[in-house]
Each structure stands twice: as structure tokens, then as C-alpha cells.
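This report goes through a two-chain model from the overall fold down to single residues. The sequence and structure come first.

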Amino acid sequence: MAAMMHTSHVLGAGTPAPEFALHTTPDQVVSLSEFRGRPVILAFYPADWSPVCGDQMALYNELLDEFARFDAELLGISVDGAWCHVAFAHERKLRFPLLADFEPKGGVARLYGAYREQDGTSERALFVIDPGGVIRWSYCSPVGVNPGADGILRALESLKAESARG
Amino acid sequence: MADDDLGRLSLPVGERDHAQGPADAPVTLVEYGDYECPHCGRAHPIVKEVQRRLGSTLRFVFRNFPLNESHPHAQHAAEAAEGAGARGRFWEMHDTLFEHQRALDDQHLVGYAKALGLDPVAFEHDLRAHAHKARVRQDFVSGIRSGVNGTPTFFINGVRFDDSWDPDTLTEALTAAAR
């Protein structure tokens with residue numbers, strides 16, 4: 001069903017995750033390599049302030065305990081600026097970093113194949129990156145459909161099972 | 001990894017569920033909802049309307065998905081519904097909560113239990129002791145594993161319904177699934 005609705009060009013499993021360093025607040029920068037040694041969930045979304053409760057970021061905010069079971073770091077990322085992220089995170093009480101892919105606009109989204117030229121925003125694209133910095137799962141949802149978290153959790157589980165096998 | 005089965009109900013409908021309508025109905029609608037979510041409040045009469053339209057063709061199941069970071073009363077409200085459910089009054093409490101979404105503090109919850117003829121002391125004790133927390137959590141986790149992506153999220157015969165849930169669209173989808 002997903003294939004019928006959408007053709008995605010996002011980076012796939014097995015690709016080294018492109019490095020980036022982006023502002024999460026006006027005076028704080030986060031880079032991907034800081035999290036080497038732990039799984040990273042990179043969640044691109046179109047914009048702050050989507051007018052629904054339980055939107056994608058609010059949903060993930062409810063699931064931080066689940067992600068923590070895998071020692072995974074969650075990073076939200078959109079083309080909104082750092083000040084916008086600060087206000088949004090405060091209002092929604094988000095307890096994970098939102099990265100501002102703002103200058104050049106969508107630069108990181110483009111690296112991951114997750115930029116929508118026609119809208120000037122990123123896709124709803126999810127990446128699970130392993131502790132060694134390699135993308136192990138990616139998924140691009142139709143932009144109007146919040147993808148939920150079942151795919152992320154499954155990818156984290158299979159990573160964990162793999163590392164348990166050594 | 002195959003993603004074809006993303007957005008599928010991971011916990012099949014069974015004995016543990018609160019259901020309205022025949023167990024062998026050709027179509028089952030599952031809602032993951034939050035009693036304090038205004039969208040779920042809007043969906044409540046719509047669900048009733050499609051139940052009326054489909055009659056015995058439809059089985060309706062409600063599972064809890066309280067968004068506690070957004071809605072401070074959602075967890076207790078869910079536990080209150082389960083508390084009433086443990087005493088055989090789930091659906092009455094379910095309706096009451098959706099009809100009084102702006103009054104979901106503990107004092108009101110106990111009042112609703114009393115109005116339903118439940119022992120308010122025992123009910124309040126359960127609420128304070130979080131007697132039904134595990135059950136609510138089980139619903140929540142089953143929702144996450146099924147691709148619930150906000151509230152309300154509907155599943156029709158086990159598949160997440162991503163379309164609009166206005167009464168006509170929902171009725172059409174349910175009718176198609178029943179064929």
C-alpha cells in the first residue's frame with residue numbers, strides 16, 4: 001500500500017549517514033557524530049505547529065521511554081529556524097532536540113534525499129542510524145500521513161538483536 | 001525489512017477488549033483514543049452515527065491511548081473508564097467522559113462513577129492506587145506497535161485507516177470492508 005501511495009528517494013539501508021551540525025537552540029549546535037556508539041532516530045517532518053494534537057513530534061515525545069530502552073537518541077529535524085523550534089518545543093513540552101535545517105534551507109534534508117522542492121519543506125522521512133553511523137532503516141511517509149513509530153521500534157529491535165548475537 | 005505491514009493492528013481484538021456489536025460482525029472498527037483529546041471528542045458522536053448506520057454489521061472496540069504530555073487528565077480518565085469497566089460499566093463511563101471533556105479532574109471522575117451507581121469510595125481508591133494503570137499501558141503499547149499516529153487513530157479490520165473520519169467517508173470505508 002505504501003509503495004502505491006508514494007515513491008521515495010530517501011537514502012536507504014546500508015548507506016553511511018551523512019554528517020551534519022545544526023542549531024537546536026540559537027546558541028547550541030548538535031552534530032550527528034556526537035551520538036556515535038548509540039542508535040540515532042532521525043525524524044524529518046515538514047513543519048513546526050501542525051494544528052493537531054498528538055502530531056508526529058508530540059507522539060514521539062510520549063515514546064521517549066520506549067526509545068530509551070534501546071539507548072537511542074531521537075532528533076527531530078525540519079526547516080524551521082532555531083527560535084521557532086524553541087517556541088514549539090516549549091509549547092508542546094518536547095523533551096528531545098529539534099534541529100533547524102534552516103541555513104542553507106533544507107541542506108541536510110537534501111543530503112538524505114528528503115527535501116520537497118515543491119513545498120520547500122522536508123518529507124516525513126525516518127532514519128534509524130546504527131551506533132557505527134550507518135543507516136539501517138529508512139522510511140518516507142506520504143506527507144499527509146504521520147508514520148507513527150512501529151517501524152522505528154522494529155528497526156531498533158532488530159539492531160539490538162543483531163548486537164546481542166555479536 | 002518489509003514495511004508492508006506497518007500500520008497493522010499488532011494486538012488482535014479479543015476477550016480483553018471492550019466491544020460493542022456482534023463478535024462475528026463482518027467489520028470491526030478499533031479506535032485508539034484519549035478522553036481529553038478534542039478530536040476524539042468530535043469523533044465520539046460520529047462513531048455513534050456509523051454504529052447506527054451499520055447496525056449489526058459493525059463491531060466497535062475502544063482502546064486507550066492517553067497523550068499524557070499534552071493532556072494532564074487523560075491518564076486518570078482512561079483509568080476511570082477501566083475502573084468502571086472492571087465493574088461492568090465501561091461504555092457508560094466512556095460516553096460520560098466524552099460528553100464532559102472539560103471536567104475530567106479526579107473529583108468529577110468520582111462524581112461520574114457515583115452517578116453510574118458505582119461505589120465512589122472503592123472507585124476513588126482504585127484511581128489513587130492506579131489499579132488500572134497496567135491495562136491502560138497495555139493498550140497504549142499495543143497502539144504504538146500498530147502504528148497509532150495520534151488520536152483518534154482508527155483501524156478497520158486490522159488496517160490503519162488514514163482517510164478522513166467524517167461520517168460519510170467512514171461509513172463508506174466500513175461498508176466496503178464488510179463486503
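Among contacts in chain B between residues at least 6 apart in sequence, what percentage join residues at least 24 apart? The figure is 76%. This value, like those that follow, is computed from a predicted model.

**Chain B as a whole**

Chain B contains seven helices and five strands. Along the sequence they come in the pattern β-β-α-β-α-α-α-α-α-β-β-α. The radius of gyration of chain B is 16 Å, and the globule rule gives 16 Å for 179 residues, so chain B is as compact as a globular protein of that length. The C-alpha trace of chain B spans about 45 × 40 × 30 Å along its principal axes. Buried residues make up 44% of the 179 in this chain.

**The sheet of chain B**

The five strands of chain B form an open sheet with mixed pairing, in the order β1-β3-β2-β4-β5. Which strands stand at the edges? They are β1 (18-20) and β5 (159-161) of chain B; each has a single partner strand, so one side of each is left without a neighbour in the sheet. From one strand to the next the twist averages 30°. Helix α1 (residues 38-54) of chain B packs on this sheet and touches β1, β2 (27-33) and β3 of chain B. The direction of α1(B) makes about 160° with that of β3(B).

At one end of the strand order, β4 (residues 153-156) of chain B runs antiparallel to β5(B), and three bridges join them. In this pair B:I156 is opposite B:V159. The loop between α6 and β4 of chain B holds B:P152, and the peptide bond from B:T151 to B:P152 is cis, with omega near -5°.

**Helices α2 and α3 of chain B**

Helix α2 (residues 74-86) of chain B has 13 residues, which at 1.5 Å a residue should span 18 Å; the end C-alpha atoms are 18 Å apart, in agreement. Is α2(B) enclosed or open to the outside? Of its 13 residues 11 are buried, so α2(B) is largely enclosed by the rest of the structure. The buried residues of α2(B) include B:H76, B:E79 and B:E82. Their cover includes β3 (58-64), α3 (90-99), α4 (106-115), α5 (120-128) and α6 (133-145) of chain B. After α2(B) comes B:G88, with a positive phi near 80°.

In α3(B) the buried residues are B:M93, B:H94, B:T96, B:L97 and B:F98. What covers them includes α1, β3, α2 and α4 of chain B. The elements α2(B) and α3(B) thus appear in each other's cover.

**Chain A: a hairpin and a loop residue**

In chain A, strand β8 (residues 124-129) and strand β9 (residues 135-141) run antiparallel, and six bridges join them. A:A125 stands opposite A:C140 in β9(A). Five residues lie between the two strands of this hairpin, and A:G133 in the turn has a positive phi of about 90°. Strand β9(A) is mostly covered, with seven of its seven residues buried.

A:E19 belongs to the loop between α1 (2-5) and β1 (21-25) of chain A. With 11 other C-beta atoms within 10 Å, A:E19 is exposed. Leaving out residues up to four places away in sequence, A:E19 touches A:S31, A:L32 and A:S33. The C-alpha atoms of A:E19 and A:L111 are separated by 9.2 Å, although these residues are 92 apart along the chain.

**Backbone exceptions in chain A**

The peptide bond from A:E103 to A:P104 is cis, with omega near -5°. A:P104 is placed in the loop between β5 (98-100) and α5 (107-111) of chain A. Two residues that are not glycine have a positive phi; the table gives their settings.

| Residue | Phi | Loop in chain A | C-beta atoms within 10 Å |
|---|---|---|---|
| A:D71 | about 55° | between α3 (64-68) and β4 (73-78) | 12, exposed |
| A:K93 | about 55° | between α4 (82-92) and β5 | 10, exposed |

**Contact between the chains**

How many residues does each chain give to the contact? Chain A gives 25 residues and chain B gives 19 residues. The side of chain B that touches chain A has six nonpolar, nine polar and four charged residues.

How values were computed:
Residues are numbered from 1 along each chain as its sequence is written. Chains are lettered from A and ligands numbered from 1 in the order in which they are written. This is a predicted model: local features need pLDDT of at least 70, side-chain atom pairs count only at pLDDT 80 or more; totals for chains, interfaces and linings use all residues. Two residues are in contact if their C-beta atoms, placed from the backbone, lie within 7 Å. Ala, Val, Leu, Ile, Met, Phe, Trp, Tyr, Cys and Pro count as nonpolar, Asp, Glu, Lys and Arg as charged, and the others, Gly among them, as polar. Helices (H or I, at least four residues) and strands (E, at least two) are DSSP runs, numbered from the N terminus. The expected span of a helix is 1.5 Å times one less than its number of residues. A residue is buried if 20 or more other C-beta atoms lie within 10 Å of its own, exposed if 12 or fewer, and partly exposed in between; C-beta atoms are placed from the backbone. Two strands pair if DSSP finds at least two bridges between them. Axes are lines fitted to C-alpha atoms, for helices over the stretch in contact, and angles run from 0 to 180 degrees between N-to-C directions. The radius of gyration is taken over C-alpha atoms; the globule rule is 2.2 Å times the number of residues to the power 0.38.
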